Amino acid sequence: MAVGLLLPAVGWGQAPWDALDPVPRRLYQEGRRLEGEGALEGAALRYRKVVDLEPGWTQALLDLGRVMERMGRLKAAEEVYGRAPYDADAVEALAWLMLRTERPERAARLFRQMRDLRPETSEFLVPEARAVAAFDASGAADILLRYLERPGAMPGAGPVVEAFAEVARRLYREQAMVEATVLLDRLVDAITERNQDAPDEALAAVEALRERFAVEEEARALASAAGVPLIPQQRAELARAREAFAAGAVEQAERMLRVILVANERADEAWAALSDVLEARGDVAGAERAIRTAEELAPSVAAYPARLGDLLAKHYGGRHDAESAEAYGRALLRQGASSVLWYRRGRLLQRAGQPERAIASFRRYLALEPQGPYAERARHVLDGWERERPDPPEVARAPGRPASVPEAAWFAHHVAEVRYRRADGDPDALRGALEELAVARELAPAFARSVNLEAAIRRALGEDDAARALYAHSLTLDPDQPGVLVSLASLERRAGEVASADAHLVHAARLGSADALLHLARQDVEAWRLLAAREHLEAYFASTTSGVSYEEAVTLRAQVDRRVRGLVVGATGTGLLAILLPLGARWRQRSGAPLEALLRASPIAWREVARVASAIRHEVLKHNTTVLPSVADALEVRDPDPARWAAEKLFAPHGAVRRFRSYIDELVHLGQLHGVRLNLRYQDPVLGPLIAAMDRLAGLEAELRTGGGRRLAAELRDISHALNETGYHGLGQLLRRVCLLELGEALIRDVWEAVRQEAALRETAVDLEVTLPGEPIWLRIFRGDLHDILANLLRNAAEASQESGTDRIGVRVALDEDAITGLERVAIRVVDQAPRRISTSMIRGRYIGRGLGLAVDLISRNGGSVHVEDEVGWSKAIVVRLPRVEQGAEEEEG
Amino acid sequence: MRVLVVEDGLEYSELLGRFLPDGFEWERAGSGPVALERLAAESFDAIFLDMRFDRAPEGELLGDLEEVADRFNGDPVQARRFLEDHQGNYVLAALREAGRREPVLLSYDFDGEPRRWARIVERYAPVDYLPDNANPTDIARRLRRLVG
């Protein structure tokens, strides 16, 4: 709940609404009372008012949504919950609503979001699976199997059992018999493993389903059997062929089997024997064909698909593991007690990158044969999976040693830094740090970080003048160091050089230094420059959401607010009011930040901003305000009907005007979530004029409904221009310019250099070749994301090359074109000569290394794909494809 | 002029029918398959084609979901969204593949994607586009120009 964002913290014994101001608190309590009495309309009215008064307090939104649901106004409830897209309770409520109203894809997305919003619980995996089951039963089964592996899973709970049964039924309907059976088996095993009691009725239903699947499957096999049994002479000949084969007379055995098959081409046993013979002769494809024929003729014989599974697993080096596991699955349908097949299936699924199913197979094996020959290995594999492995933190890699700084200086600098940190103000220890640092300073005199470190040490020793001189010198080496500017300003202020100190603080603030902004705000407050203080604090909150000074900044902001309120309350004289009211209005206009500030402070908010901007263009402007010129044309010939029609569309409860305002609210709320107070109306160059134009339009509602005249027509044309031309194009430009990144050789080489700084590759002889098309390549991706993707692929390629003794890798960038949409994708081909085999499913299965798993996630998140492909002159190419952006292209669709 | 409006909602049909009643006859098809059926049975002077079809039932979306999913690491949700967002392109391609040569006016903003637009014109002409902020008068003017 977002109370803490806007309202004071709630203490023990207080209700959450106690923190509200008196008016919303009273309304909220009335709403609860009315809801309790069943007066839902009245309750909704009050909750809605609370939402208007306290838009950041999501409890009222949740209550309003619930009441809407109780009144059967599901669309309205959906709209209400949707206003808090990051609030876990609201997302959960919306997810359940979507599930109830049979919109499974949206429900699935929302439950998926709950995994991030409530990472501590796995309870949402079950409803997520139920939602996913509506369009992807197999995916739903994976989710349920994953659920069983979570520590808090309750396989015996009624809703869990029901979900398993529902997904199993769907799988069965889709002919995925093996998956359906495995799912139910796994559930029953899990209930036993965890010693849980399941409701008898639910468990009986599961047992009945298993039974039904088994019976029907067997019946189906019997019904489709087309084999013809061997007559005694043929059977004797088959025995002789087997003997010949066992004695090594392979060709003779084949001839004998073919004779039998000429006489009885539907003899499944002969086909199976022929498969063994052909394999021995090296004809693997022929062997596969023969055993498939045997299975086709006698689908109820478990040995045939088991044999097919062996064949595929043995001869194709992992390329057909999934198919092989599928064959084992068919065998297990007929012979579920064959523990070794469960184990083999698990190994194949593990290799094929299907961890949930692999785990289920290993667990089935252990349930059947806890002390079996593979039990220890199966447990070992499961232990490896069960370990919680957190993703590596997604932060930028620490900058490595600059080329201009020798290794010895780099190391000496860090020794000195450690000594400085440990000195704890002790002068001797500080001087010891200076001695270490002298080595670094001598070897790399232009290394600004060493200069800064010496300045800090001198300052700690009380040598302020020396420290000031060193900071000043550091700024000649690199003038844009915010931390140095703030430190220097502090020393200058202490020395009475106020003007120079202020200039350095302003410079640091321009560079985005939160410390500098806070210093400036503090000075403003001392001098009663309240508007300036407010502005500096807004910039501070836009630049940081934490830090040692954050609490102080919050206190300072409260102090500024109190002073301004005090001024207003104390201003009784008309003259003073005349000064303060415009001041207040100006303050409202000037406080808060434009949308750009949010994107600067939290680039990660970009996707949400883009979604809302796109929705304003497509749901508000398109089909709605675009009719205004036509309405104006009609008014000029005294036809009022189009104006009335447009008024209905624009001002209806879910009409364009309200939708627009709710989108603006959504952006403001998004800003709050990222610690940025937005002022879109007065500060944003794109949305400000749009809001003003929409307000003007709203002011014309009555005139539009009555028809109006030529003056109204002129005004509508004016508003249309602001909305449909200036606003539409402004939003387009906003979407176009953010998050663009050029993929060039310098960027690729930078990443490669960073990878080469890592310990494992520091001495590598592997060389990188880069080939790019002769035109600029633009992507819409965060620099950090692209860096991590490339670094992981290059690291893998280099390490594999190093292990195999090859010394070349390459990055080849090409363009792929989609014939239907005309869209281009950038294919980044990371090539190497290492013989290590790898497949697309292995990469996507993500078990070959956490680093690559992270890269695959990042690629998916950026709308891309990864494949393993052949490359002439190389052993393989790992190919990442990402959408290409035409410079200046639109992000959205229409 | 007889125009087939291909859109998954009713917005354009309603809007164009209301604001451009004279000189035009507007007919609607709610999906690519329906559009193909109507074009096989009736004669139209032009086609007005929306781009995004996010309300069309899954079975009525043109395009191979599995093939598209492969472009998104096998993610069917992203693939479905891609098909919805670019359904106009898929309908246009299907029309031409079926031998339909009627001029097509796409409702989509290609202003920022000149290379992509050039590729579409090269493959699927006669075709033109109007961005989403176009008003009914713009649409009428552009259709007349396209039909000649």
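Here is a short chat about salt bridges and burial in this predicted model.

Student: Why is the pair Glu817(A) and Arg123(B) called a salt bridge?

Tutor: The N to O distance between their side chains is 2.1 Å. The cut-off is 4 Å between a side-chain nitrogen of Lys or Arg and a carboxyl oxygen of Asp or Glu, so the name applies. Across the interface of chain A and chain B, the rule finds 10 salt bridges.

Student: What makes Glu78(A) buried?

Tutor: Its relative accessible area is 11%. Buried means under 20%, so Glu78(A) gets that label.

Student: And its partner, Arg106(A): why is that one called partly exposed?

Tutor: Arg106(A) comes out at 27%. Partly exposed runs between 20% and 50%, so the label fits. The closest N and O atoms of Glu78(A) and Arg106(A) are 2.7 Å apart, and they form a salt bridge. Glu78(A) sits in helix α5 and Arg106(A) in helix α7, so this pair ties together parts 28 residues apart in sequence.

Student: How do you know that Glu37(A) is exposed?

Tutor: Look at the value: 53% relative accessible area. Exposed means over 50%, so Glu37(A) qualifies. Arg33(A), at 45%, is partly exposed, because that value lies between the two limits.

Student: What makes Glu37(A) and Arg33(A) a salt bridge?

Tutor: Their closest N and O atoms are 3.3 Å apart. The limit is 4 Å, so the pair counts. Both lie in helix α2 of chain A, 4 residues apart, about one turn of the helix.

Conventions: Residues are numbered from 1 along each chain as its sequence is written. Chains are lettered from A and ligands numbered from 1 in the order in which they are written. This is a predicted model: local features need pLDDT of at least 70, side-chain atom pairs count only at pLDDT 80 or more; totals for chains, interfaces and linings use all residues. Side-chain values use heavy atoms; hydrogens and water are left out. Helices (H or I, at least four residues) and strands (E, at least two) are DSSP runs, numbered from the N terminus. Buried means under 20% relative accessible area, exposed over 50%, partly exposed in between (1.4 Å probe, protein chains only).
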